[in-house]
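Welcome! Take a moment to look over the sequence and turn the model around before reading on. The report below walks through the fold step by step.

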Amino acid sequence: MKLKQMYLKNFGPFSDFVLNVPETGLIYLTGENRDDSYSSINGTGKTTILSFLPFLFFGKTMNDIGRRKIPFKDILRWGARGGEVKGIFEHDNKNLEISRSFDKKGSKFFLSFNNKELQGEIAQEWLKINF
């Protein structure tokens, strides 16, 4: 399975962000930390982008792994009511769309293969993961 596109809406510092993943090469993330005495925001979203896949599949961020679970309200962009992360993957020359919508209370996982939604145990079996 190959990631072709990632979409983040109201996820961390991103209000509406799309990254089309290049076919070859590396993606280099850079940004300046914005730590100061006036802000609780640590940076520009580097770790948030790295948190995309664990959050998409498992509802956890990079900071959640091996630690306490971070509340969804802390992942949601300040002032937003809800958000979404979405990945477009290629598998056997067909598109697979995986998304997770979330608000302050929790999240929902969605999976569609060739524009057909897969739910529950079928989706878990297809991906071989529990979510």
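How many helices and how many strands does the protein have? There are four helices and six strands. Please keep in mind that this is a predicted model.

**The overall picture**

If you follow the chain along the sequence, the elements come in the pattern β-β-α-α-α-β-β-β-β-α. The protein has 131 residues, and 34% of them count as buried. Its accessible surface comes to about 9100 Å², and carbon and sulfur atoms own 49% of that. Among the contacts with a separation of 6 or more, 46% are between residues 24 or more positions apart.

**The sheet**

The six strands form an open sheet in the order S2-S1-S3-S4-S5-S6, and the pairing is antiparallel. At the edges you will find strand S2 (17-20) and strand S6 (116-118), each of which pairs on one side only. On average, neighbouring strands of this sheet are turned by 20° against each other, direction ignored.

Let us go through some of the pairings. S1 is joined to S2 by four bridges, and seven bridges join S1 to S3. Tyr-7 is a handy residue to look for here: Val-18 in S2 stands opposite Tyr-7, and Lys-86 is the bridge partner of Tyr-7 in S3. Further along the sheet, strand S4 (residues 94-103) and strand S5 (residues 107-113) run antiparallel and are joined by seven bridges. If you find Arg-100, you will see Phe-109 in S5 opposite.

After S5 comes a loop that leads to S6, and Asn-115 lies in this loop. Is Asn-115 buried or exposed? With a relative accessible area of 80%, Asn-115 is exposed. Asn-115 and Lys-94 are 21 residues apart in sequence, and their C-alpha atoms are 9.9 Å apart in space.

**Aromatic rings**

The structure holds six aromatic pairs. One of them is formed by Phe-11 and Phe-55: the ring centres are 5.0 Å apart and the planes meet at 40°, so this pair counts as tilted. Phe-11 sits in the loop between strand S1 (2-9) and S2, while Phe-55 belongs to helix H2 (residues 52-58), so the pair links parts of the chain that are 44 residues apart. Both Phe-11 and Phe-55 are buried.

Another tilted pair is made by Phe-57 and Phe-89, with 6.0 Å from centre to centre and 50° between the planes. This pair, too, links distant parts of the chain: Phe-57 is in helix H2 and Phe-89 in strand S3 (residues 82-91), 32 residues apart. Phe-57 is buried, because its relative accessible area is 13%. Phe-89 is buried as well, with a value of 5%.

Which residues do ring pairs link into a cluster? They are Phe-11, Phe-55 and Phe-102.

Phe-11 also turns up in the surroundings of Thr-48, a residue of helix H1 (residues 46-50). Leaving aside neighbours within four places in sequence, Thr-48 is in contact with Leu-8, Phe-11, Gly-12, Pro-13 and Phe-14. Thr-48 counts as buried because its relative accessibility is 17%, and the cut-off is 20%.

**Salt bridges**

Side chains of opposite charge can pair when their charged atoms come close. A search of the whole structure finds three salt bridges, listed here.

| Acidic partner | Basic partner | N to O distance |
|---|---|---|
| Glu-23 | Lys-2 | 2.8 Å |
| Glu-90 | Lys-4 | 3.9 Å |
| Asp-74 | Lys-73 | 3.2 Å |

Glu-23 lies in the loop between S2 and H1 and Lys-2 in strand S1, so their salt bridge ties together parts 21 residues apart in sequence. Glu-23 is exposed, with a relative accessible area of 62%, whereas Lys-2 counts as partly exposed at 35%.

The salt bridge of Glu-90 with Lys-4 links strand S3 to strand S1, and these two residues are 86 positions apart. Glu-90 counts as partly exposed at 31% relative accessibility, and Lys-4 is also partly exposed, at 29%. As for Asp-74, the partner of Lys-73, its relative accessible area of 47% makes Asp-74 partly exposed.

Conventions
Residues numbered from 1 in each chain as written. Predicted model: local features only at pLDDT ≥ 70, side-chain atom pairs only at ≥ 80, totals over all residues. Heavy atoms only, no water. Pairing = 2+ DSSP bridges. Axes fitted to C-alpha atoms, helices over the stretch in contact; angles between N-to-C directions. Phe/Tyr/Trp six-rings, centres within 6.5 Å; stacked < 30°, edge-to-face > 60°. Buried < 20%, exposed > 50% of the residue type's maximum accessible area, 1.4 Å probe, protein only. Contact = heavy atoms within 4.5 Å. Areas by Shrake-Rupley, 256 points an atom, 1.4 Å probe, with all protein chains shown as cover. Salt bridge = Lys/Arg side-chain N within 4 Å of Asp/Glu carboxyl O.
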